[in-house]
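Please take a moment with the sequence and the model below before reading on. The paragraphs that follow start at the ligand and then move outward through the protein.

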Amino acid sequence: MSAFLWGAATAAFQIEGAANLNGRTDSIWDTFSRIPGKINNGDTADRACNHYELYENDLDLMQWMGLSAYRFSISWSRILPNGIGEINQEGIEFYNRLIDGLISRGITPFLTIYHWDLPQALHDRGGWQSRESVDWFKQFTQVLADNFGDRVKNWITINEPHCIAWFGYYRGWFAPGIKDLQSSIDVVHHLLLSHGYAVTILRNSIPEVSIGISLGLTPVSAASNSPEDIAAADFMDGYDIRWFLDPIYGRAYPQSVLDRFKLSPPLHKGDLEIISTPLDFLGVNFYLRQVVKNSPENEFFGVSGVDTPDAKRTAMGWEINPESLKDLLIRLKDDYKPSTIFITENGSAWDDVLLNGEIDDEERISYLNSHLNAMKDAISEGVPVQGYFAWSLLDNFEWTHGFSKRFGLIHVDYETLIRTPKKSAYWYRNMISEEKKIASSISVNPVKNIPR
Ligand code: FCB
């Protein structure tokens, strides 16, 4: 068994900046961010943390923290400015420098192929709503495998298809801002198909590769024991969780959700086999629990969210409920039996205050600690969690919230771009160093005890 990985995660669009530098073109999030009213305070990610130029500094911070792994994503339009076709060598070289910098510091790269930033050029050709997107994703995946597969062995195909599709194409909250249920159903299907094909491409191109997908999994509780509320919670669970896990693990799209949708995915013969191509691991992104009730008058499938007034919440308004992480992990083991799980995102936003050069973010530490304990409880019940990635390494562009919500272990001053590790970064660093000591004593002892 390999050592447990302690990591942190980011995404290209949220940290890189350098939006127009060295050949990068717009993604759908660049376009969306420019529409007045879409992003808090009119923020754009044009500069963000300027990780594109300050990556060496960020690599040093990762090393200082003692990270054993780092999860990042690739900006598609930095590599392929037209989405397909001609490769932008400067884009390849940026990620080469990043990957080499990780490896030389002993940090294992986890590469996410797609974290929401579709090239605008491809959206203009029909985007994820078109089945052609599957071919575009295959080409992009092959380019990445050919260029980075010699050094990157851990691959995540897609991050949180539910946010991409439900928020981007049904609710209209996220890029590209479309509000159409059938489109969003089509988009999920094309994302999952792209995922399935990518698994085979990566497996055929990269020796000793390990491949997964990162799903955003938000457990659901019913507001009461009434059959109507329980049915509402079951729908929500189907919509947010089973709609993705079921096809990936070889089942059909859940019937109870199809019943409320009254629409169907654009299934072709053989699609479900492709979508369920076996994986090496499941990536779990976990933040909160949701509580729902039956609301026949609500146009959102007759379901609405319920406030839990006693619950403690983060600056996002998200309920803190670490027990539901433990329950979720046990359910995943029982229902889907993944051979390995990585927690690929977990973290919290707070109204951090920088005072005398320090950020005392006790609440973030407490959130991290309680979720790590929940994870360890699940591991002791046999759930095969092999690594944990805190979201996020740095404060960054939090999508529609712009720079107003800070998730980082490291504070970023968006004027000067100066990075300051928060108290939580020191806490995480210390915790990792203690955990590594325990792990090395465990692996050494049995050898010492062999009688001669
Ligand atoms: C997840 C996203 C990630 C970040 C966190 C807070 O849904 O994957 O990019 O925004 O939420």
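How do the residues of the shell around the ligand divide into nonpolar, polar and charged? In this predicted model, the shell is made up of five nonpolar, three polar and three charged residues. The residues in question are Q14, H115, W116, N159, E160, Y287, E345, W391, E398, W399 and F407, and the reader may find it helpful to locate each of them in the structure before going further.

Some of these residues make polar contacts with the ligand through their side chains. In Q14, a polar side-chain atom lies 2.8 Å from an oxygen atom of the ligand, while the side chain of E398 has an N or O atom 2.7 Å from a ligand oxygen atom. E345 also takes part, with an N or O atom of its side chain 3.1 Å from an oxygen atom of the ligand. On its own the ligand has 290 Å² of accessible area, and the protein covers 95% of this.

From the ligand we can turn to the space that holds it. The ligand takes up the space of the largest pocket, and about 1,100 Å³ of space lies in this pocket. Its lining consists of 42 residues, and those that lie nearest the centre of the pocket are F167, W173, T218, L288 and W318. Two helices, α8 (161-170) and α10 (227-248), and two strands, β8 (290-294) and β9 (303-305), are the elements that give two or more residues to this lining. Sorted by character, the lining residues of the largest pocket comprise 19 nonpolar, 14 polar and nine charged.

The protein also holds enclosed spaces, and the count comes to three cavities of 30 Å³ or more. The largest cavity contains about 50 Å³ of space, and the residues that line it are A12, F13, E16, G17, A19, R24, D30, A45, S75 and R78. Among the lining residues of this cavity, four are nonpolar, two are polar and four are charged.

A last group of features concerns the backbone. Most residues other than glycine have a negative phi, and most peptide bonds are trans. Against that background, the peptide bond from A175 to P176 is cis, with omega near 5 degrees, and P176 lies in the loop between α8 and α9 (181-205). Another cis peptide bond joins W391 and S392, where omega is about 10 degrees; S392 belongs to the loop between β13 (385-391) and β14 (410-412), and W391 is also one of the residues around the ligand. Finally, A48, which is a residue other than glycine, has a positive phi near 45 degrees, and A48 is found in the loop between α2 (28-33) and α3 (51-65).

Definitions and conventions: Residues are numbered from 1 along each chain as its sequence is written. This is a predicted model: local features need pLDDT of at least 70, side-chain atom pairs count only at pLDDT 80 or more; totals for chains, interfaces and linings use all residues. Side-chain values use heavy atoms; hydrogens and water are left out. A residue is near a molecule or strand if one of its heavy atoms lies within 4 Å of it. A polar contact is a pair of N or O atoms within 3.5 Å; within protein, one must be able to donate a hydrogen and the other to accept it, and residues adjacent in sequence count only if both atoms are side-chain atoms. Accessible areas come from the Shrake-Rupley method with a 1.4 Å probe; for residues, only the protein chains shown count as cover. On a 1 Å grid over the protein atoms alone, a cavity is a set of points where a 1.4 Å probe fits but cannot get out, and a pocket is an open set with protein on both sides within 12 Å along at least five of seven lines; lining residues have an atom within 4 Å of a point. A molecule sits in a cavity or pocket if more than half of its atoms lie within 2 Å of its grid points. Ala, Val, Leu, Ile, Met, Phe, Trp, Tyr, Cys and Pro count as nonpolar, Asp, Glu, Lys and Arg as charged, and the others, Gly among them, as polar. Grid points are joined across faces, edges and corners, and a volume is the space filled by probe spheres set on the points. Helices (H or I, at least four residues) and strands (E, at least two) are DSSP runs, numbered from the N terminus.
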